Amino acid sequence: MRNAEMFNEENDFALQSAKMDQVIEQVGCKDNEVVIIKSVDDALEGDAVFISDFSCLGSSVKEFVDNFEQLVKKGNTVHFVREQISLTDQSQMETFLKQLQFAAMFGRKLRSAVSCNNLAVAAKVGRYAGRPKGSKNKTSIIQEKADEIEFWLQQGESKKWIAEQLGISVGTVYNYIRSKEEA
């Protein structure tokens, strides 16, 4: 068995390394070979994986869960240094994973409820989501700019350049091209 360490590059490496050494000693893995890994793919089966903090495993809950599941499947023990969490057996890891999945689901439902509430409050005071009535829609924007978009496309300019020059989004340029193909 070896100690596999993952660091968050944004944090001070020396500070993380010192904390990592303390945790390794506390867990009783100090006699193992120490290697630094860049991703969970580099962890071998049975490694004691020391991760500086949660952010090393992913930038979203889904990415975190996927990477954590990968470590669990390899039979690794997982130690989060900053959070001071050590998961050394399968049941602890499965419980932790279920808690993460619950937290993610709760977060989605909470954001949805807050959005619905905010829309209801706005409607009560006469404000509604979306474009105001009578405002230009995508079709009218495309019709207004069609000649200019077509001209620049024929000149070989990039879609991004055209959008910047005309003060429209790149998506609007693509919508114009799509509408032209469909006609």
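Just after helix α3 in this predicted model, G126 takes a positive phi of about 90°. The helix that ends before this glycine, α3, covers residues 90-124 and has 35 residues. From its first C-alpha to its last, α3 reaches 51 Å, which is close to the 51 Å expected at 1.5 Å a residue.

The buried residues of α3 are M93, F96, L97, L100, A104, G107 and A122. An α-helix has 3.6 residues a turn, so residues three or four places apart point the same way. The elements that cover the buried residues of α3 include α2 (61-73), β4 (77-80) and β5 (85-87).

Helix α2 has 13 residues. Its span from the first C-alpha to the last is 18 Å, close to the 18 Å expected at 1.5 Å a residue. In α2 the buried residues are F64, V65, N67, F68, L71 and V72. Among the elements covering them are β3, β4, β5 and α3. Helix α2 thus appears in the cover of α3, and α3 appears in the cover of α2. A positive phi is also found just after α2, where G75 takes a value of about 75°.

Strand β3 comprises residues 48-51, and both of its faces are covered. A48 and F50 lie on one side and V49 and I51 on the other, and all of these residues are buried. In a regular strand the side chains alternate between the two faces of the sheet. Strand β3 pairs with β4 in the parallel sense, over 4 bridges. The bridge partner of A48 in β4 is T77. Between these two strands the chain passes through α2, and the resulting β-α-β crossover is right-handed.

T77 is also in contact with T88, a residue of the loop between β5 and α3. When neighbours within four places in sequence are left aside, the contacts of T88 are with T77 and H79. The C-alpha atom of T88 is separated by 6.5 Å from that of V78, although the two residues are 10 residues apart along the chain. Is T88 buried, exposed or partly exposed? The relative accessible area of T88 is 44%. Buried means under 20% and exposed means over 50%, so T88, at 44%, is partly exposed.

Key: Residues numbered from 1 in each chain as written. Predicted model: local features only at pLDDT ≥ 70, side-chain atom pairs only at ≥ 80, totals over all residues. Heavy atoms only, no water. Expected span 1.5 Å × (residues − 1). Buried < 20%, exposed > 50% of the residue type's maximum accessible area, 1.4 Å probe, protein only. Contact = heavy atoms within 4.5 Å. Pairing = 2+ DSSP bridges. Right-handed = clockwise from strand over helix to strand, strands pointing away.
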